[in-house]
Amino acid sequence: MSEPVTPTESELQPDDEAPEPRREPMFNLPPVVLAVMGICAIVFLLERYVLNDNQQMTLLYDGAFIPVLYTGQYGFDWFLFTRPFTYAFMHGGLAHIAVNMVWLAAFGSPLANRFGAARFAVFYAVTGLASVALFWAMHPYGEMPLVGASGAISGMMGAAARYGFRIDRSSGQAAFAGEPLPIAIVLRSRGVMTFLGVWMVINLATGLLGFAPGIEGQIAWEAHIGGFVAGFFGVRFFDRPQPSE
């Protein structure tokens, strides 16, 4: 007759411990988006808390986009090549940078996951350049410095509209799904057109009427339009080929 055997403690424990459930990070932002946000934050903190008044003016003159400098009346300096890009990492106040970083996280993250880091970085630069191009065309003798990432972020909104704001989370990273929609289909989409209409009204209201609570200076709606148009019509040049099903 067999006797019952009391299992030892080691036998009661499983050979392999059950894996802990995976926890999603609170802020699941692509590294390239975090890098842009980090540069903007560092520049803002340096300008506000490290540089003296003279250094701040030097940074503003050499880093911001000033339209009148491109009319040929003030001679040549090497910063003429860099200002159309560096301005997009500078901001005029806490509310300005805070609003832009929220929109950058919202629209830049799925776009960066879709494009990849290199394409997204080029997209940021190109849409920022398109923003100041239209701003300069409308204010060639303007003397007020233009700063802020909102032109490039407007380009991201334009690109998002071409995807119909469709999000795919199957890979664990939110990305815009499907091929960019033909413009004719976008124009027939009620949801997309409603968003674009509201966005346009807000831009015109804040720019022409100067209504932007908490944000110092006037809103450059022309730069927003320039970035948006570049992103809307140029998204296919940056889109990565998607794997065929």
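Accessible areas here come from the Shrake-Rupley method with a 1.4 Å probe, and for residues only the protein chains shown count as cover. By that method the chain exposes about 14800 Å², with carbon and sulfur atoms supplying 64% of it.

A quick word on the ground rules. This is a predicted model, so to speak of local features takes pLDDT of at least 70 and side-chain atom pairs count only at pLDDT 80 or more, while totals for chains, interfaces and linings use all residues. Residues are numbered from 1 along each chain as its sequence is written, and side-chain values use heavy atoms, leaving out hydrogens and water.

**Overall layout**

The chain has 10 helices and two strands; these are DSSP runs numbered from the N terminus, with helices being H or I of at least four residues and strands E of at least two. Read from the N terminus, the order is α-α-α-α-α-α-α-β-β-α-α-α. Of the 245 residues, 38% are buried, where buried means under 20% relative accessible area, exposed means over 50%, and partly exposed is in between (1.4 Å probe, protein chains only). Take the contacts (heavy atoms within 4.5 Å) between residues at least 6 apart in sequence: 75% of them join residues at least 24 apart.

**Salt bridges**

Side chains of opposite charge can pair when their charged atoms come close. The cut-off for a salt bridge is a side-chain nitrogen of Lys or Arg within 4 Å of a carboxyl oxygen of Asp or Glu. How many does a search of the whole structure find? It turns up three, set out here:

| Pair | Closest N and O atoms |
|---|---|
| Asp62 and Arg83 | 3.9 Å |
| Asp77 and Arg83 | 3.2 Å |
| Arg114 and Asp239 | 2.7 Å |

Asp62, Asp77 and Arg83 are linked in a network. In the bridge between Asp62 and Arg83, Asp62 sits in helix α3 (residues 53–63) and Arg83 in helix α4 (residues 79–86), so the pair ties together parts 21 residues apart in sequence. Arg83 counts as buried at 0% relative accessibility, and Asp62 is buried too. Asp77, in contrast, is partly exposed at 21%.

Then there's the bridge between Arg114 and Asp239. Arg114 belongs to helix α5 (residues 94–115) and Asp239 to the segment after α10 (221–234), so this pair ties together parts 125 residues apart in sequence. Both ends are buried: Arg114 has a relative accessible area of 3%, and Asp239 comes in at 11%.

**Inside and outside**

Is helix α7 enclosed or open? All 13 of its 13 residues are buried, so α7 is largely enclosed by the rest of the structure. This helix (residues 150–162) reaches 19 Å from its first C-alpha to its last, close to the expected 18 Å, a figure given by 1.5 Å times one less than the number of residues. Just after α7, Gly164 takes a positive phi of about 65°.

On the surface, Ile42, Leu45, Leu46, Tyr49 and Val50 form a nonpolar patch with about 530 Å² of accessible area together. Patch members need over 30% relative accessible area and no salt bridge, with like charges joined within 9 Å and nonpolar side chains (Val, Leu, Ile, Met, Phe, Trp, Tyr) within 5 Å. Ile42 is found in helix α2 (residues 31–49) and is exposed, at 52%.

Finally, Trp136 in helix α6 (residues 117–138) is partly exposed, with a relative accessible area of 32%. Not counting residues up to four places away in sequence, Trp136 touches Phe65, Pro67, Tyr70 and Thr71. The C-alpha atoms of Trp136 and Tyr70 are 8.3 Å apart, though 66 residues separate the two along the chain.
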